[in-house]
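Biologist: I am new to this structure and would like to go through it with you slowly, one question at a time. Could you give the reasoning each time before you come to the answer?

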Amino acid sequence: MALRTIREIGDPVLNKKAKNVTEMNDRIRTLIADMLETMYESNGVGLAAPQVGILKRIVVIDITPDASCPHVLINPVITEQDGEQTGMEGCLSVPGKQGQVTRPNHVRVQALDGNMQPIELEGEELLARAICHELDHLDGHLYVELAEGELVDVQPPTEEDEED
Ligand code: NI
């Protein structure tokens, strides 16, 4: 596995529509492993393939603080959404910033897992927010388009805040 470079806002790849994955192969297996490693290393809760420059419909999500529940979603489609939540959201491609975004409070998504098997994932609150945010990346959208008001600066963690 290897860390991938995260593309930042202004990079045109972040505004392009990603293509469906039609078959699993070693390149995609490596990509998924690298995306998980890159997400965890960056303390993110999700990462979409276009953020590492690959226009494929793949996202990884893990909202747990101890990296215990990785979700791999290939060709994901939201099949149900309801409720509403408004809260602060950030993105590894928009470093140092957060913005207030309103999202559904509950979503259900159909996708393929890392073995190209059909799966369904249901999420509320932070997981629902992460699913919506990451799926938007696959269509070339960043949360800043939805942000209500100005983005705010967030302080990067100091070394004392790091746990290892
Ligand atoms: Ni993002």
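Biologist: Does His-71 count as buried or exposed?

Modeller: This is a predicted model, and in it His-71 is found in strand β3. A residue counts as buried when its relative accessible area is under 20%. Because His-71 has a relative accessibility of 18%, the word for His-71 is buried.

Biologist: Which residues is His-71 in contact with, leaving aside its neighbours within four places in sequence?

Modeller: Some partners lie earlier in the chain, namely Val-59, Val-60 and Ile-61, and strand β2 covers residues 58-61. The list of contacts, with neighbours within four places left aside, reads in full Val-59, Val-60, Ile-61, Leu-121 and Leu-127.

Biologist: How far from His-71 is the C-alpha atom of Asp-153?

Modeller: Along the chain, His-71 and Asp-153 are 82 residues apart. In space, the separation of their C-alpha atoms is 29 Å.

Biologist: Which residues coordinate the nickel ion?

Modeller: The donor atoms are one SG and two NE2 atoms, placed at 2.0 to 2.2 Å from the ion. In sequence the donor residues follow the spacing C-x41-H-x3-H. The residues that coordinate the nickel ion are Cys-91, His-133 and His-137.

Biologist: By about how much of a helix are His-133 and His-137 separated?

Modeller: Both histidines are buried, and both belong to helix α2, which takes in residues 125-138. Because they are four residues apart in that helix, the separation of His-133 and His-137 is about one helical turn.

Biologist: What is the relative accessible area of His-106, and where is this residue found?

Modeller: His-106 is found in strand β6, which covers residues 106-112. Since buried means under 20%, His-106 is counted as buried, its relative accessible area being 10%.

Biologist: Which residues does His-106 touch, not counting those up to four places away in sequence?

Modeller: Val-152 is 46 residues from His-106 in sequence and 26 Å from it in space, C-alpha to C-alpha. The residues that His-106 does touch, once those up to four places away are set aside, are Glu-80, Gln-81, Asp-82, Glu-122, Gly-123, Glu-124 and Ala-128.

Biologist: Is Tyr-40 buried, exposed or partly exposed?

Modeller: Tyr-40 has its place in helix α1, and beyond its neighbours within four places in sequence it is in contact with Asp-62, Ala-67 and Pro-70. Asp-66 is 26 residues from Tyr-40 in sequence, with 9.6 Å between the C-alpha atoms. With a relative accessible area of 27%, Tyr-40 is partly exposed.

Biologist: Where does Thr-64 lie?

Modeller: Thr-64 has a relative accessible area of 24% and is partly exposed. Strand β2 covers residues 58-61 and strand β3 covers residues 71-82, and the place of Thr-64 is the loop between β2 and β3.

Biologist: What is the phi of Asn-43?

Modeller: Most residues other than glycine have a negative phi. Asn-43, which lies in the loop between α1 and β1, is exposed, with a relative accessible area of 60%. Although Asn-43 is not a glycine, its phi is positive, at about 55°.

Biologist: In which loop is Met-116 found?

Modeller: Met-116 is a residue other than glycine whose phi is positive, near 65°. At 19% relative accessibility Met-116 counts as buried. The loop in which Met-116 is found is the one between β6 and β7.

Biologist: In what order do the elements of the protein run from the N terminus on?

Modeller: There are two helices and eight strands in the protein. Read from the N terminus on, the order is α-β-β-β-β-β-β-β-α-β.

Biologist: Why can the protein be called as compact as a globular protein of its length?

Modeller: For 164 residues the globule rule gives 15 Å, and the protein is close to that value, so it is as compact as a globular protein of that length. Its C-alpha trace spans about 40 × 35 × 35 Å along the principal axes, and 41% of its residues count as buried. The radius of gyration on which the comparison rests is 15 Å.

Biologist: How far apart are the mean positions of the positive and negative charges?

Modeller: The protein has 13 positive and 31 negative charges. The mean positions of these two groups are separated by 12 Å.

Definitions and conventions. Residues are numbered from 1 along each chain as its sequence is written. This is a predicted model: local features need pLDDT of at least 70, side-chain atom pairs count only at pLDDT 80 or more; totals for chains, interfaces and linings use all residues. Side-chain values use heavy atoms; hydrogens and water are left out. The radius of gyration is taken over C-alpha atoms; the globule rule is 2.2 Å times the number of residues to the power 0.38. Buried means under 20% relative accessible area, exposed over 50%, partly exposed in between (1.4 Å probe, protein chains only). Lys and Arg count as positive and Asp and Glu as negative; His and the chain ends are not counted. The place of a charge is taken as NZ of Lys, CZ of Arg, CG of Asp or CD of Glu. Donors are N, O and S atoms within 2.8 Å of the metal (3.2 Å for Na, K and Ca); water is not among the atoms, so sites may look incomplete. Contact means heavy atoms within 4.5 Å.
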